[in-house]
Amino acid sequence: VINGSKPEGDLIQANDGLLYGLVPNGGQFYNGILFSYDISTSTFSKKIDLHYTNGGYCPLGSLLQASNGKLYGMMSKGGANNMGTLFEYDMNTNTITDKFSFSSSMGKFPKGSLMQASNGKIYGTTPLGGAFSGGTLFEYDPVTDTLIKKADFNPTSGMKPQKIRLLEICRVVSTETLTVIPPNIFSPNGDGINDEWTPLINYKSLLKDIEITVYNRWGNKVFSSLDKSAVWNGNSLTGQPCLDGTYYYYINYTDNNTKMFSQKGFITLIH
C-alpha cells in the first residue's frame with residue numbers, strides 16, 4: 001500500500017528513458033502516488049505521494065510528456081474547489097504543481113488523459129460540470145499557463161465522457177498540382193481528327209483565371225481567350241482560316257492561391 005495500489009492509467013516512457021505512471025490509491029496519505037520505473041535496472045521509485053494540498057489526488061488517467069519536457073496529468077479530486085486539477089510534474093526537480101483547479105462551470109472530476117496537439121496546446125475532457133452538467137472539453141496552453149473551456153457536452157453532442165484520451169486527426173494536404181499543357185500541333189481540316197487546339201488543364205478546379213493569346217510569325221494576334229475551356233479552331237480573329245505554319249502562344253494563369261504562372265511555346269498548324 002505504501003507504494004500505491006489499484007493503478008488505472010497507462011505508463012509512458014519519458015525522454016530520460018524511465019517509465020512514469022500514476023496510482024490513484026495508497027501511498028503515504030492514501031491519496032495515490034506518482035512513480036517511475038527504470039527498465040534497465042528493474043528499479044521502482046516512488047517520486048511523489050499525492051496529497052490534496054499540492055497538485056490534487058486520486059488520478060484516474062495517464063501522464064503526458066509535453067514538448068517542454070514536463071509531465072502533465074489530471075487529478076479527479078483536490079484543488080481549490082476539491083473538483084480535481086490539471087497538474088505539472090518536473091522530473092528535474094521532482095516537484096508537482098497544481099496548474100488549474102476545475103470547477104462546476106469549467107468541468108469537474110476529470111477521469112481521462114491529456115493529449116498535446118500540433119499547435120502546442122494540451123486538450124482534455126471532464127465527465128461532469130459545464131453548462132449542461134455533462135462535462136466539458138478544455139484547452140490548456142503551457143506557454144501562457146492558461147486554461148479555457150472549448151465546449152460544453154450536451155444531450156445532442158453526447159455527455160459524460162469517461163476515461164478517454166483525445167486524438168488529433170491531421171487533414172491530408174492535397175498533392176494535386178495545377179498544370180497547363182498546350183498541344184504543339186493540330187490540323188483544322190475538318191476530318192474530325194485533331195481539328196482544334198485547346199490546352200490540357202490538369203486539376204482545372206485549382207485554376208482561378210487564364211489568358212491565352214496566339215500570334216503568327218509576323219507578330220499579328222490571331223487568337224485570344226479568357227475561357228478556361230478555350231478552343232482555337234485555326235481561324236484568325238476575322239474568321240479567316242490561318243495559313244499552315246508555325247504560331248506562337250503565350251499563356252498567363254493564376255491558381256486559387258493567386259499564384260501567377262506564365263508559359264510560352266509554338267504551335268504547328270497543318271491543314
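In this predicted model, D145 and K99 are joined by a salt bridge, with 3.6 Å between the closest N and O atoms. D145 sits in the loop between strand 11 and strand 12, while K99 belongs to strand 8 (residues 95-101), so the pair ties together parts that are 46 residues apart in sequence. Neither end is fully tucked away: D145 comes out as partly exposed at 38% relative accessibility, and K99 is partly exposed too, with a relative accessible area of 23%. D145 also stands out for its backbone, taking a positive phi near 55° in the hairpin of strand 11 and strand 12, which has four residues between the strands.

That hairpin is part of an open sheet of four strands, ordered 9-10-11-12 and paired in the antiparallel sense. Strand 9 (115-116) and strand 12 (146-152) take the edge positions with a single partner strand each, so one side of each has no neighbour in the sheet. Moving inward, strand 10 (residues 122-126) and strand 11 (residues 136-141) run antiparallel and are joined by five bridges. Here I122 has Y140 of strand 11 as its bridge partner, and Y123 stands opposite E139 of that strand. On to the next pairing: strand 11 and strand 12 are held in antiparallel register by six bridges, with E139 standing opposite I148 in strand 12. E139 thus turns up in both pairings, facing Y123 of strand 10 and I148 of strand 12. Five of the six residues of strand 11 are buried, so the rest of the structure largely encloses this strand.

Strand 12 carries a salt bridge as well. The side chains of K149 and D152 meet at 3.0 Å, N to O. Both partners fall in the partly exposed class, K149 with a relative accessible area of 29% and D152 at 21% relative accessibility. A small network is also found elsewhere, where salt bridges with shared partners link K70, E88 and D90.

The total for the model is eight salt bridges. Within the network just mentioned, K70 pairs with E88, the closest N and O atoms lying 3.8 Å apart. K70 is in the loop between strand 5 (64-65) and strand 6 (71-75), and E88 is in strand 7 (residues 85-90), so this contact ties together parts that are 18 residues apart in sequence. The two ends differ in their surroundings: K70 is partly exposed at 23% relative accessibility, whereas E88 is buried, with a relative accessible area of 12%.

Another open sheet of four strands has the order 1-2-3-4, again with antiparallel pairing. Its edges are strand 1 (12-13) and strand 4 (43-49); each has a single partner strand, so one side of each is left unpaired in the sheet. Strand 3 (residues 33-38) pairs with strand 4 through six bridges in the antiparallel sense, and one of the residue pairs involved is L34 with I48 of strand 4.

Turning to the nonpolar interior, the largest core has 20 residues, and the members touching the most others are W197, V214, W232, Y247 and I267. Strand 16 (207-215), strand 17 (221-225), strand 18 (245-255) and strand 19 (260-269) are the elements that give two or more residues to this core. V214 gives a good idea of the packing: leaving aside residues up to four places away in sequence, V214 touches W197, N220, K221, V222, F223, W232, Y247, Y248, Y249 and I267. A second, separate core has 18 residues, including L22, C58, F87 and Y89.

Finally, there is the matter of D195, found in the loop between strand 14 (185-186) and strand 15 (200-202). D195 is buried but has no salt bridge, and the nearest side chain of opposite charge, that of R217, is 19 Å away. What the side chain of D195 does reach is backbone: the nitrogen of G192 at 2.6 Å and the nitrogen of G190 at 3.1 Å. Not counting residues up to four places away in sequence, D195 touches F186, S187, P188, N189, G190 and N233. G190 therefore appears twice around D195, as a residue in contact and as a backbone nitrogen within reach of the side chain.

How values were computed
Residues numbered from 1 in each chain as written. Predicted model: local features only at pLDDT ≥ 70, side-chain atom pairs only at ≥ 80, totals over all residues. Heavy atoms only, no water. Pairing = 2+ DSSP bridges. Buried < 20%, exposed > 50% of the residue type's maximum accessible area, 1.4 Å probe, protein only. Lys, Arg positive; Asp, Glu negative; His and termini not counted. Salt bridge = Lys/Arg side-chain N within 4 Å of Asp/Glu carboxyl O. Polar contact = N/O pair within 3.5 Å; in protein donor to acceptor, adjacent residues only side chain to side chain. Contact = heavy atoms within 4.5 Å. Core = buried A, V, L, I, M, F, W, Y, C linked by side-chain atoms within 4.5 Å.
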